[in-house]
Amino acid sequence: MSNDPSQPNGAAAVPKKRMNLRTPEVMKIVQEQVEEHYRSPVVEYLRHTKSYLSANGLTVKLAKVFGFCYGVERAINLAYASAKVFKGHNIYLLGEIIHNPEVNDQIRDMGIKQLKETRGVYDLDGLTEEDVVIVPAFGAEVKVLQRLKEIGCYQVDTTCGDVMSVWKRVRQYRNQGTTSIIHGKAWHEETKATVSQAISENGGTHYLVVFTLDETDYVCDYIRKGGDKAEFLKKFEGAYSPGFDPDQHLVSVGVANQTTMMKNETEEVQRRFEKAMVDRFGRENLDQHFRKADTICGATQERQDALSEMLSVEKMNLLLVVGGYNSSNTSHLAEMGEAMLPTYFIKNSEKLISPTEISHYDQHKQQEVISHDWLPEGNVVVGITAGASCPNNLLEETIHRLYQFRGVDVEKLLPADYREIVGLAPVTDSSAHH
């Protein structure tokens, strides 16, 4: 058996099934590398001063809360730490560390290989005890974690604490014999990991995933008066547990959610299920048939609240939402913006092709589209926000690109004393207005 690289001086030890690399010594080593990749002097200035940039008729404002959350930072730090500590080992990642293409490219550039799913199954057969597997921030299904345990490889678990809180709640439902109703996306890694916690070893407990309020209403109507079982099972194919029977397993339900869903929508899902149970069993019997929990991620909610405030207070011509197209929390920010003003969901600054052309993600068509005349001439206010998986450097690049269209060097808009602190070259013609 080889030495355990996590032990001081390479002391011999049996490989641990899980690894915690988040120690002060290791984090100090990786912090400089992480900052080099994702640091943004412009964004940090705007965040800390709560100010904005304005020059040549273009004003750029950021939401009060945006970008990396603690859970994402932790996952990235642990991935970087793995590359440092486990040199000489094969390091694999279950899927993506987070839903941001630039971050995932950076992880791959460090030599961390991505284990991809084929028909919903990871190929783990080639792994050995000497290999390292990183569990992403979304977590992983019970069967996958169990298989890694059997193989005996090193595990670096970056599962977000908010996700594990949902798992705890779902296990409570399972232990009470209650069917877990998960408000989320059945195909999302986090939800797949969560529902695996809802099934007991003997298969006696169940789950059902609902995505929309229309699906919620369909299930609630079935609870009240029954319906066509075959139609129900076809409608929710791929979103319920093996052996699920809506006639038997909707008598007692507990609602939880994918942590990145819209809080007000999850609360509405809970209200509708509660009402259905009251209608069928009576208010006096509700405790026997219905349970709920607040399992929305705090960081997700903070970003939604900040954007909501921005949309209601700031007068903006348009909104840019920056982040990965498969990021659930980012997509909800784009939905919020679309309801209020012209909104463009972009993954990076390269999508700002010109002042008259932009490539952005259309969530209704599920594809990138080209829009024209998106950036008005003359005085214009652009709002910017980003999901919890988007690094600050992508926001800065977006801001740089916007001001390039107006012939402005963004760094010259920063105060001279701040430029000196962060190591930017001095200028004498600052034209910033804050």
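I began at Asp221, which is partly exposed at 36% relative accessibility. My cut-offs are under 20% relative accessible area for buried, over 50% for exposed and partly exposed in between, with a 1.4 Å probe and protein chains only. The model is predicted, so I took local features at pLDDT of at least 70 and side-chain atom pairs at pLDDT 80 or more, while totals for chains, interfaces and linings use all residues. Numbering runs from 1 along each chain as its sequence is written, and side-chain values use heavy atoms, without hydrogens and water.

**Salt bridges**

I looked for a side-chain nitrogen of Lys or Arg within 4 Å of a carboxyl oxygen of Asp or Glu. That rule gives 20 salt bridges.

Asp221 pairs with Arg224, with the closest N and O atoms 3.5 Å apart. Both sit in helix 8, three residues apart, about one turn of the helix. I took helices as DSSP runs (H or I, at least four residues), numbered from the N terminus. Arg224 is partly exposed too, at 34%.

Next I checked Arg272 and Asp217, a salt bridge at 2.9 Å, N to O. This pair links distant parts of the chain: Arg272 is in helix 10 (residues 263-281), Asp217 is in helix 8 (residues 213-225), and 55 residues separate them. Arg272 has a relative accessible area of 24%, and Asp217 comes to 30%. Both values count as partly exposed.

Glu268 and Arg271 form a salt bridge at 2.7 Å, N to O. They are three residues apart in helix 10, about one helical turn. I noted that shared partners join Asp217, Glu268, Arg271 and Arg272 into one network.

**Cavities**

I then searched on a 1 Å grid over the protein atoms alone; a cavity is a set of points where a 1.4 Å probe fits but cannot get out, and lining residues have an atom within 4 Å of a point. Points are joined across faces, edges and corners, and volume is the space filled by probe spheres set on them. The whole structure holds three cavities of 30 Å³ or more.

The largest has about 260 Å³ of space. Its lining counts 21 residues, with Val72, Phe138, Glu190, Thr260 and Asn329 nearest the centre. Helix 3 (70-85), helix 6 (161-175) and helix 13 (328-338) each give two or more residues to that lining.

The second largest has about 110 Å³. Among its lining residues I listed Leu94, Glu117, Tyr122, Phe138 and Lys192. Phe138 therefore turned up in my notes on both linings.

Key: On a 1 Å grid over the protein atoms alone, a cavity is a set of points where a 1.4 Å probe fits but cannot get out, and a pocket is an open set with protein on both sides within 12 Å along at least five of seven lines; lining residues have an atom within 4 Å of a point.
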